[in-house]
Amino acid sequence: ILLAISGGADSVCLALLLKESGFNFEMVHCNFMIRGKESDQDEKFVSQLARSLDVQFFSKSFSTVKYAKQKRLSVQMAARELRYNWFEEVRKKTNSDFIAVAHNQEDNQETFFINLIRGTGIRGLMGIDVKKRNIVRPLLPFSRLEIEKYLNERNQEFRQDSSNKDV
């Protein structure tokens with residue numbers, strides 16, 4: 001399993017769950033260089049977490065804003081494209097069967113409402129798939145509150161993305 005890790009509560013929780021469950025996994029992190037030093041601190045945090053879990057760690061920095069302008073994409077869509085393309089490269093390189101991402105219940109609800117606003121069909125109303133091709137999302141049934149409770153019970157730190165406070 002190749003675990004996509006940002007350093008946030010969701011992905012840190014998934015890293016601990018994978019380790020505690022005895023899964024063979026590696027961690028992969030994207031530094032989109034959007035939040036300056038904060039992005040670099042996220043990368044340092046997840047690198048240290050990987051060492052503490054004795055897990056192989058891959059990280060890559062992207063000029064996301066430049067890429068977004070070149071491709072005429074929003075920064076969010078550019079980051080998504082860069083992220084999933086690179087994850088797939090690393091998945092192949094490491095012979096991983098799956099890429100695990102840590103979307104949770106609230107992410108699924110947000111996707112549902114975004115799709116609804118856009119006028120989606122039935123497929124879009126189903127929200128995020130638990131498994132789509134080689135991407136798995138094992139935390140979809142869990143709320144952010146449950147995830148943070150799990151981390152707090154283990155005294156496990158995680159990173160808070162300041163850009164999420166604007167939402």
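**Sheet, flanking helices and nonpolar cores**

In this predicted model, helix α4, formed by residues 75–94, lies across β1, β2, β3, β4 and β6 (135–136). The direction of α4 is at about 150 degrees to that of β2. Helix α1, spanning residues 9–20, likewise lies across several strands, namely β1 (2–4), β2 and β4 (99–100). Relative to β1, α1 runs at about 155 degrees.

The strands that these helices cross belong to an open sheet of six strands with mixed pairing, arranged in the order β3-β2-β1-β4-β6-β5. The edges of the sheet are formed by β3 (57–61) and β5 (131–132), each of which pairs on one side only. Between β2, which comprises residues 26–31, and β3, the pairing is parallel and extends over five bridges. Within this region, Ser61 of β3 stands opposite Asn31.

The largest nonpolar core contains 25 residues, of which Leu3, Ile5, Met27 and Leu151 touch the most other members. At least two residues of this core are supplied by each of α1, α2 (37–53) and α7 (144–153). The greatest contribution comes from α1, which provides seven residues. When residues up to four places away in sequence are not counted, Leu151 touches Ala9, Val12, Cys13, Leu16, Gln156 and Phe158. A second core, separate from the largest one, consists of 19 residues, including Phe32, Phe58, Phe62 and Leu82.

How values were computed: Residues numbered from 1 in each chain as written. Predicted model: local features only at pLDDT ≥ 70, side-chain atom pairs only at ≥ 80, totals over all residues. Heavy atoms only, no water. Pairing = 2+ DSSP bridges. Helix = DSSP H or I, 4+ residues; strand = E, 2+ residues; numbered from the N terminus. Contact = heavy atoms within 4.5 Å. Axes fitted to C-alpha atoms, helices over the stretch in contact; angles between N-to-C directions. Core = buried A, V, L, I, M, F, W, Y, C linked by side-chain atoms within 4.5 Å. Buried < 20%, exposed > 50% of the residue type's maximum accessible area, 1.4 Å probe, protein only.
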